Amino acid sequence: RNYSRSLFQVQNLTVRRLCHPRVITAVNGSLPGPTIRVSEGDTLVVHVFNKSPYNLTIHWHGIFQLLSAWADGPSSITQCPIPPGSSYTYRFTITGQEGTLWWHAHVSWLRASVYGALIIHPKKGHLGYPFPKPYKEVPLILGEWWNANVVDVEDQALALGVPPNISDAFTINGQPGDLYPCSRKHTYKLKVRPGKTYLLRMINAALNNQLFFKIADHKLKVVAVDASYTNPYVTDVIVLSPGQTADVLLTADQIPGSYYMAGRNYFNAENVPLPFDNTTTTGILLYKGTASLPGTTPKMPLLPAFNDTPTAHKFSSSLTSLVGAPHWIPVPAEVDEKMFMTISLGLSPCGGRATCQGPNGLRFSASMNNVSFQAPTGRSLLEAAFFGLKGFFTTDFPDTPPLAFDYTNRSLAQSPLGFVLKGTRVKKLKYNATVEIVLQNTAFIGVENHPMHLHGFNFHVLAQGFGNFNPANDRKKFNFVNPVIRNTIGVPVGGWAVIRFQANNPGVWMFHCHLDVHLPWGLATVFVVEDGPTPSSTLPPPPADLPKC
Ligand code: C2O
């Protein structure tokens with residue numbers, strides 16, 4: 001067995017962005033943090049030392065964590081956070097997956113600057129990539145930048161019960177790029193050799209924004225998403241929701257010169273005139289040998305409009321999985337558990353606070369099936385489930401939502417259905433149960449696209465569409481042959497998606513919206529997967545250094 005050991009020192013770091021020095025929380029003094037490169041089958045041992053002033057956890061986004069749920073990382077779910085001055089060692093083996101994933105903080109909004117790539121190569125001596133070997137591999141991480149301290153931004157929004165301030169920039173590998181003030185010098189540059197093919201390992205690490213990405217004049221070929229191989233899909237635009245990744249082949253086959261690679265918001269919140277970050281981040285694709293002629297500007301791609309839902313939908317609905325590729329799995333044919341889950345924004349009472357500044361003095365919140373998820377206190381959910389502790393959660397999720405209801409009726413904006421219940425309600429699953437979930441976006445408060453992320457498993461996306469899910473018609477559209485396999489699905493704005501997975505991993509697994517603004521509002525639930533019958537399907541006890549609450 002191969003071990004890959006890393007040390008993460010997490011602490012304050014002063015960086016210069018948008019003309020001023022700013023203090024951020026960062027890993028090993030860099031933004032983005034270190035790239036971890038491993039091979040399938042390796043065991044990772046990451047010693048995290050929290051020298052920051054905040055409670056901290058690290059999540060390994062998209063990693064199955066087979067029999068290692070204690071290392072998954074979401075705060076209050078699989079562990080209590082690592083307090084300042086303390087440490088925790090994440091230990092897990094990567095089995096049955098390869099491609100581009102990432103790691104990020106999973107507590108408050110710290111992942112704004114605590115993130116990095118996690119690249120899993122095929123096991124040595126096994127099949128290589130199901131596409132020609134690229135000349136070079138390049139991580140390309142899209143991020144979101146605030147001038148203010150992000151923990152303060154979040155705290156203030158939660159205290160007032162309103163949406164938070166928007167970000168000040170988007171970034172490519174930590175840099176905003178030429179179009180922002182004082183940013184030109186450090187713009188990310190990718191130097192390429194004419195004729196060569198590069199594998200871009202793209203990650204959307206932004207907190208709250210889906211992003212469009214283009215490179216002027218260049219075609220992009222998607223060969224994997226969320227570390228699952230896809231049939232090659234040639235496009236000029238990549239669309240990524242927060243949490244999603246894409247492996248993209250880029251061939252330097254244009255007239256040697258310089259070209260902008262650019263990213264901007266895909267934001268379509270119908271009927272809600274919310275402010276959003278309308279800026280554009282850029283990096284430069286520079287052909288070697290054509291080094292910067294003074295006074296020349298790289299060629300700029302024409303990006304889609306911020307609300308171009310048809311383009312976003314075309315991208316996500318065109319992806320299919322590559323049947324027979326390494327780690328490919330067929331769709332579970334039989335379903336043990338069928339669920340219907342609404343995902344919506346909502347309003348809730350202000351609570352003990354003096355003033356909330358949401359509509360009618362209420363606070364903004366969010367829910368699944370009208371339940372706004374509350375994290376437990378005192379113990380993590382995984383400890384509560386593992387040790388059979390009472391009083392930390394209830395297993396009455398999901399209750400049945402009203403049938404044949406028009407969830408996407410825009411005039412529901414003020415419907416009482418938007419007033420949420422609070423609770424730590426989970427769904428228990430038998431080991432190896434196969435699960436189908438219909439995810440239905442709603443129009444309560446506003447119509448939005450929610451990127452739903454499942455911890456611990458990949459799922460098949462059988463179908464997606466707009467309006468209300470209609471079983472009679474829409475079940476006919478299910479792709480059982482080669483549906484895309486993901487860990488994060490951008491459920492279409494005012495629409496639905498249907499996913500299936502097999503609960504073959506005992507533990508406690510979060511299922512939540514990957515917009516960090518919606519997570520503390522409660523757009524989450526948890527699957528508690530029971531142990532199986534054998535030692536190899538039983539979760540071992542927690543490591544000795546698991547942090548206490
Ligand atoms: Cu990448 Cu629970 O998140």
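**Exercise 1. State which residues UniProt lists for the plastocyanin-like domain annotation, and set them beside the domain assignment of the chain.**

Solution. In an unreviewed entry, UniProt lists residues 10-124, 137-289 and 397-531 under "domain: Plastocyanin-like". The structure at hand is a predicted model, and the domain assignment of its protein chain gives domain 1 (1-127), domain 2 (129-322) and domain 3 (337-537). For the annotated span 10-124, the end C-alpha atoms lie 32 Å apart, and the span is 0% helix and 47% strand.

**Exercise 2. Describe the contact between domain 2 and domain 3, going from the domain centres to the residues involved.**

Solution. Begin with the centres, which, taken over C-alpha atoms, are separated by 28 Å. The contact itself draws 31 residues from domain 2 and 34 residues from domain 3. Turn next to the domain 2 side, where the elements that contribute two or more residues are α1 (150-160), β15 (228-235) and α2 (309-318). Sorted by class, this side of domain 2 holds 12 nonpolar, 16 polar and 3 charged residues.

**Exercise 3. Work out the strand order of the open sheet of 6 strands, and say which strands form its edges.**

Solution. The order is β10-β9-β12-β17-β14-β15, and the pairing is mixed. The edges are β10 (169-172) and β15, each of which pairs on one side only. From one strand to the next, the twist averages 25°. Within the sheet, β12 (residues 197-204) and β17 (residues 245-251) run antiparallel and are joined by 7 bridges, and R201 stands opposite D247 in β17. The edge strand β15 is also one of the elements that give two or more residues to the side of domain 2 that touches domain 3.

**Exercise 4. Carry out the corresponding analysis for the open sheet that contains β3, β8, β7 and β5.**

Solution. These 4 strands follow the order β3-β8-β7-β5, with mixed pairing. Pairing on one side only marks β3 (36-39) and β5 (58-61) as the edge strands. Neighbouring strands of the sheet are turned against each other by 25° on average, direction ignored. At the β5 edge, 4 bridges connect β5 with β7 (residues 99-105), and the two strands run antiparallel; here H59 stands opposite H104 in β7.

**Exercise 5. Explain why strand β25 is described as largely enclosed, and identify strands that pair with it.**

Solution. The argument rests on counting buried residues, where a residue is buried if 20 or more other C-beta atoms lie within 10 Å of its own. In β25 (residues 434-441), 6 of the 8 residues are buried, and the strand is therefore largely enclosed by the rest of the structure. Among its partners, β20 (residues 337-348) runs parallel to β25 and is joined to it by 7 bridges, with N441 of β25 as the bridge partner of I343. With β30 (residues 495-502), β25 pairs in the antiparallel sense, again over 7 bridges, and Q440 stands opposite W496 in β30.

**Exercise 6. Decide whether A375 is buried, partly exposed or exposed, and locate A375 relative to H455.**

Solution. A375 belongs to the loop between β22 (371-373) and α3 (381-387). Since 20 or more neighbours would make a residue buried and 12 or fewer would make it exposed, A375, with 18 C-beta neighbours inside 10 Å, counts as partly exposed. In sequence, A375 and H455 are 80 residues apart, while in space they are 16 Å apart, C-alpha to C-alpha.

Conventions. Residues are numbered from 1 along each chain as its sequence is written. This is a predicted model: local features need pLDDT of at least 70, side-chain atom pairs count only at pLDDT 80 or more; totals for chains, interfaces and linings use all residues. Two strands pair if DSSP finds at least two bridges between them. Axes are lines fitted to C-alpha atoms, for helices over the stretch in contact, and angles run from 0 to 180 degrees between N-to-C directions. UniProt positions are given in the numbering used here, feature names are shortened, and annotations may be inferred rather than shown by experiment. Domain bounds come from an automatic or database domain assignment. Two residues are in contact if their C-beta atoms, placed from the backbone, lie within 7 Å. Ala, Val, Leu, Ile, Met, Phe, Trp, Tyr, Cys and Pro count as nonpolar, Asp, Glu, Lys and Arg as charged, and the others, Gly among them, as polar.
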